[in-house]
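Subject: Structure for you to look at

Hello,

Here is the structure I said I would pass on. Please open it beside this email and follow along.

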Amino acid sequence: MAKYSTGSSGDSAGGSCELCGSDGGDLQTANVAGATLQVCDSCARDHGENERTTGSDSSRDEQNRKRKAAQNAAKMQDAQQADASHWEDGADYDDDQLPYLVSKYGERVTEARQGEGLQTGELAEELDLDEADILAVEQGRATQANVGGSTIKALEQYLDIDLVESN
């Protein structure tokens with residue numbers, strides 16, 4: 001591979017640093033600004049982008065790679081283990097399934113709520129619902145927010161609107 005040279009002829013640096021041009025001393029292979037160069041110890045140490053390629057660095061890179069792989073494996077194992085501690089006690093989400101909703105259901109809820117002169121917090125308090133669920137419905141993301149069918153039913157009844165798609 002041809003390298004940048006500071007003046008010596010041929011493909012190698014000829015014993016001089018390819019960055020500063022100093023002669024003599026042991027040269028190291030270093031990555032400087034994306035270029036692989038043969039540089040003196042001073043240039044290798046002074047440039048923060050350098051990645052020296054020595055035997056100890058290679059073994060350190062291998063150790064870091066193995067450590068990252070072990071960390072990722074541990075994360076995956078933790079994610080696979082079921083942890084139901086965050087679910088509410090007594091909640092049965094299968095019994096409160098979200099029905100198929102009409103197109104633009106969020107706009108219907110927003111318009112009806114505003115027509116009643118209520119803020120989302122006031123409507124939530126009136127219906128004893130979580131305000132975040134009402135916001136999710138108004139923003140058209142009831143499915144993503146796991147809003148239950150009972151919330152939709154309560155909104156339909158209170159606001160006198162149809163949100164469930166009829167067959």
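Helices here are DSSP runs of H or I with at least four residues, and strands are runs of E with at least two, both numbered from the N terminus. Counted that way, the protein chain has six helices and two strands. Along the sequence they come in the order β-β-α-α-α-α-α-α. Please keep in mind that this is a predicted model.

Some totals for the chain come next. It has 167 residues, and 26% of them count as buried, where buried means under 20% relative accessible area. The accessible surface of the protein chain is about 11,800 Å², and carbon and sulfur atoms make up 43% of that. Among the contacts with a separation of 6 or more, 41% are between residues 24 or more positions apart.

The rest of this email is about one helix, α4, which covers residues 120-127. Which residues of α4 are buried? They are Thr120, Leu123, Ala124 and Leu127. Seen down the axis of α4, these buried residues fall within an arc of 100 degrees, so they line one face of the helix. The face turned away from that buried side carries the exposed residues Glu125 and Glu126.

What lies over the buried residues of α4? The cover includes α3 (105-115), α5 (131-138) and α6 (149-159).

Last, look at what follows α4: aspartate 128 comes after the helix, and its phi is positive, near 55 degrees.

Regards

Terms used:
Residues are numbered from 1 along each chain as its sequence is written. This is a predicted model: local features need pLDDT of at least 70, side-chain atom pairs count only at pLDDT 80 or more; totals for chains, interfaces and linings use all residues. Side-chain values use heavy atoms; hydrogens and water are left out. Buried means under 20% relative accessible area, exposed over 50%, partly exposed in between (1.4 Å probe, protein chains only). The arc is that of the directions from the helix axis to the C-beta atoms. Contact means heavy atoms within 4.5 Å. Accessible areas come from the Shrake-Rupley method with a 1.4 Å probe; for residues, only the protein chains shown count as cover.
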